[in-house]
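Got the viewer open? Then let's take a walk through this structure, one selection at a time.

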Amino acid sequence: MLAVATFTDPRKTSLSTERERALLVKHGELVDALGKGGFDVLDVNEKLGKVESFHNGGNFGIESKDEVVEASKIINSKDVSGVIIGLWHWTESNLVTLLAKEVNRPLLLYADDDMSWAGTTCITSVGASLWESALNHHAVHHTRIKGDVEKVKAWGRAAEAVSKLSRKSILLWGAPYTLGMEHLMDDLPGLKRMVGDFVMVDQYVLVRKAEWILSEEPARVDGFYDWLKEKTGVKFDGRMLTPEVLRRQIALYLAAKDIYGEYGDVSAVSIKCQPELSEVYGTTACLIPAFFPFNLDAEGKKEIIPATCEGDVKGTVSSALLFYLSGKPPLFGDIKYVNDDLVLIANCGASSLYYARLSENPEENLGATLIQGQCQGKSGGALTYRTPPAQFTVARLVRRAGKYYLLYFLGEGVEIGEGIERALKWGKQWPHTAIRNPLDGETFISAMGSNHLSLVPGDYRKELEFVARLWGIRAVNLGDEGEVRSFLEGYP
């Protein structure tokens, strides 16, 4: 939910009736535009009775400290992700400063591009006062927008995504770091300013639950097995992928699904897998990253849950963030190959099945998927597909010398044709996604703070810029050579 609160000049000045009528109209147009944009809007002025006040000869805008206190109570009583302050004309800055102190939520200062009124004067005065007072994080990192409602909507999506992440937990089955990758480790207490909490559960609970399901609920596993064979291609090889191995993978997925349901508000999950499942237990857990971020399985329609591998904390945050911005299943995978033209992303066995066809009909995505033997681990099936070309927003939260950065770029999808296909050898049975490199190969590799990336269809660059501002970290657009140069040459 976004709150909209419009302020006014408390002084007795000329043109006050005309001014307040303008504020009423401008405020209403913004509230209406946000509602049509899919946002749940809390109209603070309406709740304060300011519409009636105007019709009775008073002011529409918030004009006193008493009204600010009452507005703060209204905002704090609701599930508000961010507050948009209407500054269409002059107000006294200390009124907005008081609201910022009382609500302590993300703030956007907004006015339209109307020369008739002093919106520009007001935004710069109020913004400077918030910086000067530095009452809290949101006062310091507020946003100012003038005359661009679409940009306001992007800020709103960012504020709501940040709010959801901050209230929900991330569930990690198996703690990092996997295969000796230090960058998968993290400052979990420090990350709690972005994420609600972290639930860390040993992978043994999945093994125990999976073995119980195989023993006590064989019909559930068989039903899923038959459904997979009907909806996807399955290629048994008698060694890495056998009917028994596929049933074990199904049981691991069902175990994860059941255990996930026990933890309440979880935004995303990560499975470590290597080596405890892939080698010790002897079966990879590839159905988890395939089906968690997908809206259908053999048991019916289901919620989309971002999922990553190898206990990648920052990768899981990145995937959850993209999901909350877009509503689309996020893809997660390794940077498998880079040259001056191409970035090839392939996860070690599975990624969201949505990307097999990018279809809103899940059965079309399933029909374009082949399950075949893995190339690593003792046994297991990989879920093979090639993502069709589209426009993607790619993002990755990274940490360098203890400081967080949000790397992102808009990627143009590339068809994986015969030339690329012939060049694949290791992991050819993995799902692959190809996008154009926004940089040259050497610079791209130099800027990467991970071997993993997350992406979703669509353009969410502006939203990611706002997210970084709300978090108080630096965003780096890899599509901007100047930003990349500054990032590489600068110091944390």
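Here is a tour of two helix pairs, a few paired strands and one pair of aromatic rings. Keep in mind along the way that the model is predicted.

**Stop 1: α1 and α8**

Start by selecting residues 16-36, which form helix α1, and residues 149-167, which form helix α8. Two packed helices are described by the angle between their axes and the distance between the axes. Here the axes come within 11 Å and cross at roughly 55°, so α1 and α8 are oblique to each other. The crossing of α1 past α8 is right-handed. To see where they touch, show the side chains of Leu 30, Ala 33 and Leu 34 on α1, then Val 149, Val 152 and Lys 153 on α8. How do the residues of this contact divide by class? There are 5 nonpolar, no polar and 1 charged.

**Stop 2: α4 and α5**

Now move to helix α4, residues 65-76, and helix α5, residues 93-103. Their axes come within 9 Å and cross at roughly 30°. With angles under 35 degrees counting as roughly parallel, that is the label for α4 and α5. Once more you are looking at a right-handed crossing, with α4 passing α5. On the α4 side, select Lys 65, Val 68, Val 69, Ala 71, Ser 72, Ile 75 and Asn 76. Facing them in α5 are Asn 94, Leu 95, Leu 98, Leu 99, Glu 102 and Val 103. Sorted by class, this contact has 8 nonpolar, 3 polar and 2 charged residues.

**Stop 3: β8, β15 and β16**

Switch to the strands. Select β8 (residues 233-235) and β15 (residues 370-373), which pair in the parallel sense over 3 bridges. Click on Val 234 and you'll find Ile 371 of β15 standing opposite. Then add β16, residues 381-384. In which sense do β15 and β16 pair, parallel or antiparallel? They run antiparallel, over 4 bridges. For a landmark, pick Leu 370, whose bridge partner in β16 is Thr 384.

**Stop 4: a ring pair**

Last stop: the aromatics. The whole structure holds 17 aromatic pairs. Try Tyr 253 and Phe 291, with ring centres 5.7 Å apart and planes at 50°, so this pair is tilted. Widen the selection and you'll see that Tyr 253 belongs to helix α12 (residues 243-260), while Phe 291 sits in helix α14 (residues 287-291). The two are 38 residues apart, so to speak a link between distant parts of the chain.

Conventions:
Residues are numbered from 1 along each chain as its sequence is written. This is a predicted model: local features need pLDDT of at least 70, side-chain atom pairs count only at pLDDT 80 or more; totals for chains, interfaces and linings use all residues. Side-chain values use heavy atoms; hydrogens and water are left out. Axes are lines fitted to C-alpha atoms, for helices over the stretch in contact, and angles run from 0 to 180 degrees between N-to-C directions. Angles under 35 degrees count as roughly parallel, over 145 as roughly antiparallel, 65 to 115 as roughly perpendicular and the rest as oblique. A crossing is left-handed if the near helix is turned anticlockwise from the far one by less than a right angle, and right-handed if clockwise. Contact means heavy atoms within 4.5 Å. Ala, Val, Leu, Ile, Met, Phe, Trp, Tyr, Cys and Pro count as nonpolar, Asp, Glu, Lys and Arg as charged, and the others, Gly among them, as polar. Two strands pair if DSSP finds at least two bridges between them. Rings of Phe, Tyr and Trp (its six-membered ring) pair if their centres lie within 6.5 Å; planes under 30 degrees apart count as stacked, over 60 as edge-to-face and the rest as tilted.
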